[in-house]
Amino acid sequence: MMVEVSKEERVGPRRVAIIGGGISGLVTAYRLRQQAGRQSEKLEITLYEASPRLGGVIESLRWQDCLIESGPDSFITNKPFLLDLAKELNLSDRIVKVQSEGGGALVYSGGRMHSVPDGFVMLAPSKLLPFAASGILSPAGKMRALMEMVIPQRKVETPSGADESLADFVRRRFGAEVLDKLAQPMVAGIYVGDAEKLSAQSVAARFLEMEQTKGSVIRALMKNREKSSGARYGLFASFDGGIGTLVEALLANLPDVELRRGCAVRRIERKGAGYLLKSDADEAYYDRLVMACPAASASSLLSEVNPALASQLAKIQSASSVVVNFVFEKEALASLEKRFGRTFGAVIPLKERKASNLTLIAFSFASNKYPLRAPDKEIIVRAFLGGVGEEDTLAQADDVLLRLAEEDLNRLLAPTRPAHYRRVHRWPASMPQYNLGHEALLAEIEETVADQPGLYLTGASYRGVGIPDCVNSANLCAKKLMAELAESVYKY
Ligand SMILES: Cc1cc2nc3c(=O)[nH]c(=O)nc-3n(C[C@H](O)[C@H](O)[C@H](O)COP(=O)(O)OP(=O)(O)OC[C@H]3O[C@@H](n4cnc5c(N)ncnc54)[C@H](O)[C@@H]3O)c2cc1C
């Protein structure tokens, strides 16, 4: 028999489980505690993390005097969510911005390195002269790209008919050369995805909006540039102790949250008005359940509880990636600096990779981006492998991945001495792919979740893979949960 008990009659705290101890799960726990305090709501929060380490893909390591990032190394500052959280956690004065004297990024094209034209923003130029002067595109390719300023905008009849692949969007507005030589590698560097499959609506919404509202992406970017100051790299930041600083600060602010490290949830059952979780440690009952793990994990855990939701979640695929960190003596890479100045790294287009038999998608000079990452005489190079279509490469053993990365760096950077530190970090199924129809799928998922009481989804799989977006997703998740708790009655 189910008995409803009013708010006044409640006895004992309500129990909330969070599955996943990446940034999304940790911020959800932090916000729940904070809100519970404000609402005088008694909550018992337990966070389950399969790995022995909290932080998910965020991990900042020390090696000698170097600060090494195994996963993300930056966050964007034009979204307020992470900056607001940093302020609350007293981290504002530990934020470090990308060093302004850096020389931007490179792209591999026609068998050699070129500077990405100054003012180029992921898909489109915001400055005409550097774009016209660049040797990356042919004269015809540049002409075609600049015609974007006069090409009429696409007529969007219905919201469902609005989605197109990122590749189609770029080809339609700027032509195939911009896609192959600039946009594809830049987007692959962020999403490790396939531009032919990624949803333009989900990964390039602001460019679509520029087309629709201003009639031209280039014209809108040029106008925005007048308003904003500084290079686009200036939008990125980290913390003095690396991105892991954020995880440490969150952990220091979760004193009464039970953190179950190395404790995977294996099975979930619906029980009464709540959920029974079977984990590596035990079985426990919770009133509310937050899935802060990747959609694929949520899908398999929810297969009995809600098969329809499980099959919707299974449609959000993820790509795997690998970061190989190297430390070189700076002098060993001096020839590149002589040619291009102090650069932040390079992207390698898919077509160039195939033509030149290269494996790397991109590499970056981590210690050129942020101060005090390495001693003056050393330089940290992060090499990126993997992504959609590279599953065979990632199936290789670490020593093979290391060799592939090193061989490519030898060809691209011609170091005069080998690196004296090398380490492979694997991130299996870690990068959600917002493929065509992602927005429509999210609408379906939200509808199904609305009929599944006490269940909440958060994390990178849904509305943004960047760390600030994950913080926002966790903020909203905790807010919704607490609002529903405040309204609800207990059911026994
Ligand atoms: C290599 C790499 C580089 C990146 N670089 C940047 C960058 O520079 N800037 C940026 O903004 N973003 C970057 N991103 C993206 C961003 O870091 C991630 O999207 C974000 O950190 C994901 O956080 P999350 O908490 O949603 O997921 P995750 O960090 O994946 O955490 C999910 C957690 O759930 C746990 N889990 C799964 N199943 C279970 C289970 N059954 N029981 C218990 N626990 C479970 C997992 O072990 C994992 O720890 C990068 C991502 C990668 C992979």
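These are my notebook entries on the domains, the ligand shell and two sheets of this predicted model.

**Domains**

I started with the domain assignment, which splits the chain into three parts. Domain 1 is put together from 4-55, 243-316 and 435-491. Domain 2 takes 74-102 and 318-432, and domain 3 is 119-230. I then looked up how domain 1 sits relative to domain 3: their centres, taken over C-alpha atoms, are 36 Å apart. The two do touch, with seven residues of domain 1 and nine residues of domain 3 in the contact. On the domain 1 side I get three nonpolar, three polar and one charged by class.

**Ligand shell**

Next I pulled the residues around the ligand, and there are 37 of them. Which ones come nearest? I noted G20, G22, G56, P72 and A460. By class the shell holds 21 nonpolar residues, 14 polar and two charged.

Where does the shell come from? The elements that each give at least two residues are α1 (23-39), α11 (295-301), β18 (318-329), β22 (421-432) and α19 (467-487). In domain terms, domain 1 and domain 2 each supply at least three residues.

**Seven-stranded sheet**

I traced this one strand by strand. It is an open sheet with mixed pairing, in the order β9-β8-β19-β20-β21-β18-β22. β9 (112-115) and β22 are the edges; each has a single partner strand, so one side of each has no neighbour in the sheet. From one strand to the next the twist averages 25 degrees. β22 is also on my list from the ligand shell, where it supplies at least two residues, and so is β18.

I zoomed in on one pair, β8 (105-109) with β19 (345-347), which run parallel over three bridges. A105 faces G345 of β19 there.

Two helices are worth an entry here. α6 (176-191) lies across β8, β19, β20 (362-365) and β22, and runs at about 120 degrees to β8. α17 (398-413) also packs on the sheet, touching β8, β18, β20, β21 (378-386) and β22. The direction of α17 makes about 115 degrees with that of β21.

**Three-stranded sheet**

Then I went to the other sheet, which is open too, with the order β14-β15-β16 and antiparallel pairing. Which strands are at the edges? β14 (265-271) and β16 (283-286) are, each pairing on one side only. The twist averages 25 degrees from strand to strand.

I checked both pairings. β14 and β15 (274-279) are antiparallel over six bridges, with K271 opposite G274 of β15. β15 and β16 are antiparallel as well, over four bridges. In that pairing, L276 has Y285 in β16 as its bridge partner. A hairpin of three residues makes the link from β15 to β16.

**Helix α10**

Last entry: α10 (244-252). Which of its residues are buried? I listed G244, T245, L246, V247, A249 and L250. I noted that residues three or four places apart on an α-helix point the same way, because there are 3.6 residues a turn. For the cover over the buried residues of α10, I found α1, β4 (60-63) and β12 (236-239) among the elements involved. α1 turned up earlier as well, as one of the elements giving at least two residues to the ligand shell.

Notes:
Residues numbered from 1 in each chain as written. Predicted model: local features only at pLDDT ≥ 70, side-chain atom pairs only at ≥ 80, totals over all residues. Near = placed C-beta within 6 Å. Nonpolar A, V, L, I, M, F, W, Y, C, P; charged D, E, K, R; others polar. Domains from an automatic or database assignment. Pairing = 2+ DSSP bridges. Axes fitted to C-alpha atoms, helices over the stretch in contact; angles between N-to-C directions. Buried ≥ 20, exposed ≤ 12 C-beta atoms within 10 Å, placed from the backbone.
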